[in-house]
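User: I would like to go through some computed surface and salt-bridge features, one at a time. Please give the cut-offs as they come up.

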Amino acid sequence: MAKIALTHPKPPYRLLEEKLISLLQSCQTLKHLFQIQTQILILGFDQNQYITPRFMATCAQLKQMGIAQKVFDKNPEPNTALWNSMVKGYAQNGLYEKVIFMFSLMTSMRFSLPNCFTFPIVLKSCLKCNALREGEEVHCVVMKSGFKGNPFVGTTLIEMYSGWGKIGAAYRVFNEMVDRNVVAWTSIINGFILCHELVKARCLFDLAPERDIVLWNTMISGYIGIGDMAEARNLFDQMPKRDVMSWNTILHGYAINGDVETCERLFEVMPERNIFSWNGLIRGYARNECFLEVLDAFKRMLIDDNVCPNDVTLVIVLSACARLGALDLGKWVHLYAENNGYKGNVYVGNALIDLYAKCGLIMNAVDVFKSMDNKDLISWNTIIGGLAMHGHGADALGLFFQMKNSRVIPDGITFVGVLCACTHMGLVEDGISYFQSMVDDHSIEPQIEHYGCMVDLLARAGLLPQAVDFVKQMPIEADAVIWAALLGACRVYKNVEFAELALEQLIKLEPKNPANFVMLANIYGDLGRWKDVARLKVAVRHTGYKKVPGCSLIEVDNDVVEFYSLDERHPLTKEIYGALRGLNRLLRSCCCEDIRFL
């Protein structure tokens, strides 16, 4: 007769525990959290060793560490699980100093001792906030607590010391480890790569008793980082087993090292592709300024593969649309992003602001900015710069004040936009004040872009002597952009003396650019100095260089077409010029005899 296994029913308190833990795991809002907390208190589970750590974990997910801390503080003798929940929660929320403080409190109170789960979190936090002394102190506690040989703790110590460039200390930890698994070998090899000691990293790689795909990829990435694609490919070809991550690694290597053709060939022979493969190809095109190819690859991705674009894809494509002026495709991507869950994505939002600003639809950019619930520094910088570029200086400065009131700390890029706004509005004194505030109040060291804005500000306002004096007093050498801005202002105010000075400097910096000679020739022409115009034309001829022809881009039927003056490369050249001639005849028949299109 078969025996029937008897199962004892769970006691009621255990069922309640499981129910509350399940509710905490599915909790998504602060209101729901408070409701669950009320039930925990009513049922008397506020000191429960299973529920309380789960409650703290939920607080961390909702970024409510203040609530977690209050619950923790009510526990007279918290166990190690509670300490770990608090430490992990603070780490998840980027509050690394609080992690170190909690660990210090834990070791001083001696209610509970840290374990192998505590140390890795604390050591990583020390690295994140660059707390070298505290990290070394935690290492001492590791030694005293008997976790010296623990592989998880040892690996984290290696990562910590490597991150600080103390590869000698990392290697000592590695040598002291009893159980050196493949993760430990990968960590120390990666440490040597981070410290730019690739020869030693390769020696350890060759000595490793076991090599998994991650270790192979780590070594290959090391060679990619120094631009040695030959050795990276050699290792890739030697791999006994490759996964899609391996293919993506070498693909990314060719992309960042500028070998677009090999990147394309490799992509075509990949046995499997995921979103990172497509992003690697698209990013490679963008990195090498092949923006038309970015759009083509994106369209192919949507049609040929079962891979959906992610936020990285959309940002790269939107940036390419901005560079090409492909507004219609950019609007389609905007709609796609909203319909596929990226409406609140801050990175996509920033790319959309940039797209609309560069394509001339500044109010669309403002609408996107206003619709964003979460804004980062790049969001503020992009809209301020866009408004300034379009001549809306007052709006740009108004947003700058809003930015400061929102407690967002401006950086150097912010002040480029602010100074640009002052330039367009002719606010010389305000511009000087902002420049000084950048240095005195925000401790931002001026870069060449900031000096260029100041020179442009003074020059556009007609203060050419002050602009030249400013250039002479700059602690860094003025570049061609600054001298070109000065030369442009000299034409407006017909100042030959400073124009000749600017051209003299431009010839030194850009001897192959005839456009600078043309600018001064125009100034001579405006003043009727035709002999000087002729002299400059001869000087340009003697340089042997010709002005690079201007290139135009036009978007037709969701495709971007590039053309030059009198260009005949387009397959529909005959039809295009035929249409132009037809328009010319039509205009002539309407008494527009002075218009000449061809």
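Analyst: Buried means under 20% relative accessible area, exposed over 50%, and partly exposed in between (1.4 Å probe, protein chains only). This is a predicted model, in which local features need pLDDT of at least 70 and side-chain atom pairs count only at pLDDT 80 or more, while totals for chains, interfaces and linings use all residues. Residues are numbered from 1 along each chain as its sequence is written, and side-chain values use heavy atoms, with hydrogens and water left out.

User: Is glutamate 197 buried, exposed or partly exposed?

Analyst: Glutamate 197 forms a salt bridge (a side-chain nitrogen of Lys or Arg within 4 Å of a carboxyl oxygen of Asp or Glu) with lysine 200, the closest N and O atoms being 3.2 Å apart. Lysine 200 has 47% relative accessibility and counts as partly exposed. With a relative accessible area of 25%, glutamate 197 is likewise partly exposed.

User: How many residues apart in sequence are the parts that arginine 202 and glutamate 231 tie together?

Analyst: The side chains of arginine 202 and glutamate 231 meet in a salt bridge at 3.0 Å, N to O. Arginine 202 lies in helix 12 (residues 198-207) and glutamate 231 in helix 14 (residues 229-238); helices are DSSP runs of H or I, at least four residues, numbered from the N terminus. The pair therefore ties together parts whose separation in sequence is 29 residues.

User: Which of arginine 202 and glutamate 231 counts as buried?

Analyst: Glutamate 231 has a relative accessible area of 22% and is partly exposed. At 17% relative accessibility, the residue that counts as buried is arginine 202.

Notes. Helices (H or I, at least four residues) and strands (E, at least two) are DSSP runs, numbered from the N terminus.
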